[in-house]
Number of protein chains: 2
Amino acid sequence: MKKTCAHHHHEKKQELASLTGRLRRESRKITGPRAAILEILRHHPHPLTNKEIFAELPKGECDLVTIYRAMQMLEKLGMVKRFDFGDGTARFELVGEGDDGHHHHLICTRCTGVVEIDECFPEEIERRIARANRFTGVTHRLEFFGVCPDCQK
Amino acid sequence: MKKTCAHHHHEKKQELASLTGRLRRESRKITGPRAAILEILRHHPHPLTNKEIFAELPKGECDLVTIYRAMQMLEKLGMVKRFDFGDGTARFELVGEGDDGHHHHLICTRCTGVVEIDECFPEEIERRIARANRFTGVTHRLEFFGVCPDCQK
DNA sequence: AAATCAGTTGCAAATGGTTTGCAATTAAAA
DNA sequence: TTTTAATTGCAAACCATTTGCAACTGATTT
């Protein structure tokens, strides 16, 4: 149950073939909309909302609902990770094979710009919290908020 | 800008008079619904959703919308703190005078039971993150999830 | 290559949390 | 008690997300 917080986003872009392979293995169809969505995720280093993905898509490529369904499915297969920046809109990021995608962000509260963070909540402290309360399988959700250099001016 | 993560929930219950005083000072009216809402918050150690507050209220005491508006106002005055457990429903907890209410929770993913946590994200690491990215006014949102003792059985 | 079938899609409509418009009401100041 | 700004209830609007369903399409089989 090791946390691997560091450097996910430094990994090299995943091949589209590897992604479609993962789908095929789960007997999921590689459709136009799905390929397009994966392409967009592949080229984006930051978590995207479904609307943002929709906006990137060539108009008419697919319905917004299809994106919602695709993200649900990709999340279930562990191919994307859902993030919650507290604004009531889910964001998704592609996850590498064998990775759990666990990491955190620093979000500018003025411009909503996002920086990925390598730091993670210290494992020993988390273990202490789990033990003290006799909880098992403890993880955390953690995001940082502040004002980015540009927005400070 | 000191974080005071520990022991908020061990503080003794706030007097209703102190709460209404804070409202009066801001030229807010002490109405039946508001007094009732504050009473409920005062007696609850854990974050409550608006619906939960509504359910605790004697039927017909006030409209759900009134609770939404009251919570918005109380949050603006810094009298309650909003928490986000990632289930798309806001939760609120009363905050002591002079306190910023910053603290975290350990939430059971099976029964949604909540435990308040004294631990906080280490200040030096947060400062390092802020400095490394030249962000100012950095805070964090942090919640832990796991399976509570009862639900492990 | 055509048939087959489970998995997919689009569209419309439903959900669920939260917000807003507005006229009627009321707490607190004068 | 009068006056006035703040507050409330109700209905409707909003927004992100989900769901029902009939039409459709990849991928596999024949």
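1. Let's start with a single arginine. A:R82 has a relative accessible area of 36% and is therefore partly exposed. Please keep in mind as you look at it that this is a predicted model. The side chain of A:R82 forms a salt bridge with the side chain of A:E75, with N and O 3.0 Å apart. The glutamate, A:E75, is partly exposed too, at 30% relative accessibility. If salt bridges are new to you, the idea is simple: side chains of opposite charge can pair when their charged atoms come close.

2. Now turn to chain B and find the residues with these numbers there. B:E75 and B:R82 make a salt bridge, and their closest N and O atoms are 3.0 Å apart. B:E75 has a relative accessible area of 30%, which makes it partly exposed. B:R82, at 37%, is likewise counted as partly exposed.

3. Another salt bridge in chain B deserves a look. The side chains of B:E39 and B:R42 meet at 2.9 Å, N to O. How far apart are B:E39 and B:R42 in helix α2 of chain B? They are three residues apart in that helix, which covers residues 32–42, so about one helical turn separates them. Is B:R42 buried or exposed? B:R42 is buried, with a relative accessible area of 17%, whereas its partner B:E39 is partly exposed at 25%.

4. Salt bridges can also join up. In chain A, a network of them links A:R22, A:R25 and A:E97. How many salt bridges are there over all chains? The count comes to 15.

5. Next, the DNA. There are 23 residues around DNA strand C, and those that come nearest are A:K29, A:T31, A:R34, A:T66 and B:K51. Of the strand's atoms that come within 4 Å of the protein, 64% belong to sugar and phosphate. Sorted by class, the surface near DNA strand C has 10 charged, seven nonpolar and six polar residues.

6. Which helices supply at least two residues each to the surface near DNA strand C? They are α2 (32–42) and α4 (64–76) of chain A, along with α4 (64–76) of chain B. The largest share, four residues, comes from α4(B).

7. Some individual contacts are worth finding on your screen. A polar side-chain atom of A:K29 is 3.1 Å from a base nitrogen of DNA strand C. A:T31 goes to the phosphate: an N or O atom in its side chain is 2.7 Å from a phosphate oxygen of that strand. From chain B, a polar side-chain atom of B:Y68 lies 2.8 Å from a phosphate oxygen of DNA strand C.

8. Now the cysteines. A disulfide is a covalent bond between the sulfur atoms of two cysteines. How many disulfides are there over all chains? The count is zero. A:C111 is in no disulfide, and the nearest cysteine sulfur, in A:C108, is 3.7 Å away. For A:C148 the closest cysteine sulfur is also that of A:C108, at 3.6 Å, which is too far for a bond. The cut-off used here is 2.5 Å between the sulfur atoms. As for their surroundings, A:C148 is buried at 10% relative accessibility, while A:C111 is partly exposed at 38%.

9. The two protein chains also share strand pairing. Strand β6 (residues 136–147) of chain A and strand β6 (residues 136–147) of chain B run antiparallel and are joined by nine bridges. To see one bridge, look at A:F145, whose partner in β6(B) is B:T139. Within chain B, β4 (residues 104–108) runs parallel to β6(B), with four bridges between them. There, B:C108 stands opposite B:G146.

10. Finally, two backbone details. A:T112 is not a glycine, yet its phi is positive, at about 60°. This threonine is in the loop between β4 (104–108) and β5 (114–117) of chain A, and A:T112 is exposed at 56% relative accessibility. In chain B, B:R134 has a positive phi of about 55°, again without being a glycine. B:R134 is found in the loop between α5 (123–133) and β6 of chain B. At 57% relative accessibility, B:R134 is exposed.

How values were computed
Residues numbered from 1 in each chain as written. Chains lettered and ligands numbered in written order. Predicted model: local features only at pLDDT ≥ 70, side-chain atom pairs only at ≥ 80, totals over all residues. Heavy atoms only, no water. Near = heavy atom within 4 Å. Polar contact = N/O pair within 3.5 Å; in protein donor to acceptor, adjacent residues only side chain to side chain. Nonpolar A, V, L, I, M, F, W, Y, C, P; charged D, E, K, R; others polar. Salt bridge = Lys/Arg side-chain N within 4 Å of Asp/Glu carboxyl O. Buried < 20%, exposed > 50% of the residue type's maximum accessible area, 1.4 Å probe, protein only. Pairing = 2+ DSSP bridges.
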